[in-house]
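Biologist: Can you pull up the model so we can go through it together?
Modeller: Sure, here it comes.

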Amino acid sequence: MKFGFDIDDTLINLRQHAFNLYNKKLKKNIPLASFHALKTVEIHEPFGLNAIEGKQLWDSLREEIYFTNCTPFPGAVEALNELVNNDHQVYYITARKKQFAAKTKEWMKEIGFPIVDSHFYCGMEDHEKIRIIQGLKLDYYFDDKPAVLETLIDHSTQLYVKDHLYNKHLELNRIEDWKELKQLY
């Protein structure tokens with residue numbers, strides 16, 4: 001079977017990592033409970049930033065957010081390695097900017113994700129993921145963003161949403177823990 005995965009906030013805990021960096025950079029001590037209460041993908045509000053300021057801060061810290069101590073969700077590395085070990089194909093489809101593609105791929109290999117270079121797609125906008133997913137004829141696709149998943153609802157790929165407060169309104173299959181992946185195959 002063919003499995004496709006978004007990376008940020010699907011396989012790795014990027015937003016929480018960024019939240020911790022915001023606290024450090026802004027010399028704040030906003031509790032993690034504020035992060036867990038967010039109903040948006042954006043994380044700037046608890047820091048008193050508007051959308052423009054939040055985007056500017058994210059952009060200024062992007063490389064640090066992407067490549068420093070960001071941990072995978074528990075069980076994610078093991079679950080994807082198990083898929084590969086059971087002869088399934090694993091594809092990564094991320095909207096990270098193209099300039100970060102090579103470094104992202106190498107970083108993910110270093111932390112243990114099983115990556116075949118030709119199965120790694122990076123540098124498209126969220127809404128462009130649909131063409132790649134359709135072209136690959138994926139059996140399963142996992143993402144966290146409502147805007148991405150909503151574009152795929154009428155397609156044959158079985159969709160799963162990585163559970164977060166900001167995507168609770170989606171009536172799709174959910175994955176809360178990567179240990180649950182075994183139940184699909």
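**A buried aspartate, a strand and two pockets**

Modeller: Asp-6 is buried, with a relative accessible area of 5%. Buried means under 20% relative accessible area, exposed over 50%, partly exposed in between, with a 1.4 Å probe and protein chains only. This is a predicted model: local features need pLDDT of at least 70, side-chain atom pairs count only at pLDDT 80 or more, and totals for chains, interfaces and linings use all residues. Residues are numbered from 1 along each chain as its sequence is written, and side-chain values use heavy atoms, with hydrogens and water left out.

Biologist: Where is Asp-6 found?
Modeller: In the loop between β1 (2–5) and α1. Helices (H or I, at least four residues) and strands (E, at least two) are DSSP runs, numbered from the N terminus.

Biologist: What does the side chain of Asp-6 make a polar contact with?
Modeller: The side chain of Lys-129, at 2.9 Å. A polar contact is a pair of N or O atoms within 3.5 Å; within protein, one must be able to donate a hydrogen and the other to accept it, and residues adjacent in sequence count only if both atoms are side-chain atoms.

Biologist: New topic. Why is strand β5 largely enclosed?
Modeller: Four of its five residues (158–162) are buried, so the rest of the structure largely encloses β5.

Biologist: Which strand pairs with β5 over four bridges?
Modeller: Strand β4 (residues 140–143), in the parallel sense. Pairing requires that DSSP finds at least two bridges between the strands. Tyr-141 stands opposite Leu-159 in β5.

Biologist: And how many bridges join β5 to β6?
Modeller: Three, and β6 (residues 173–175) runs parallel to β5. Lys-162 has Ile-175 in β6 as its bridge partner.

Biologist: OK, pockets. What volume does the largest pocket have?
Modeller: About 830 Å³. On a 1 Å grid over the protein atoms alone, a pocket is an open set of points where a 1.4 Å probe fits, with protein on both sides within 12 Å along at least five of seven lines; lining residues have an atom within 4 Å of a point. Grid points are joined across faces, edges and corners, and a volume is the space filled by probe spheres set on the points.

Biologist: Which residues are closest to its centre?
Modeller: Val-41, Trp-58, Arg-62, Tyr-66 and Lys-145, out of 29 that line the largest pocket. Helix α3 gives the most to that lining, with seven residues.

Biologist: How much space lies in the second largest pocket?
Modeller: About 160 Å³. Its lining includes Asn-13, Phe-35, His-36 and Asp-163.
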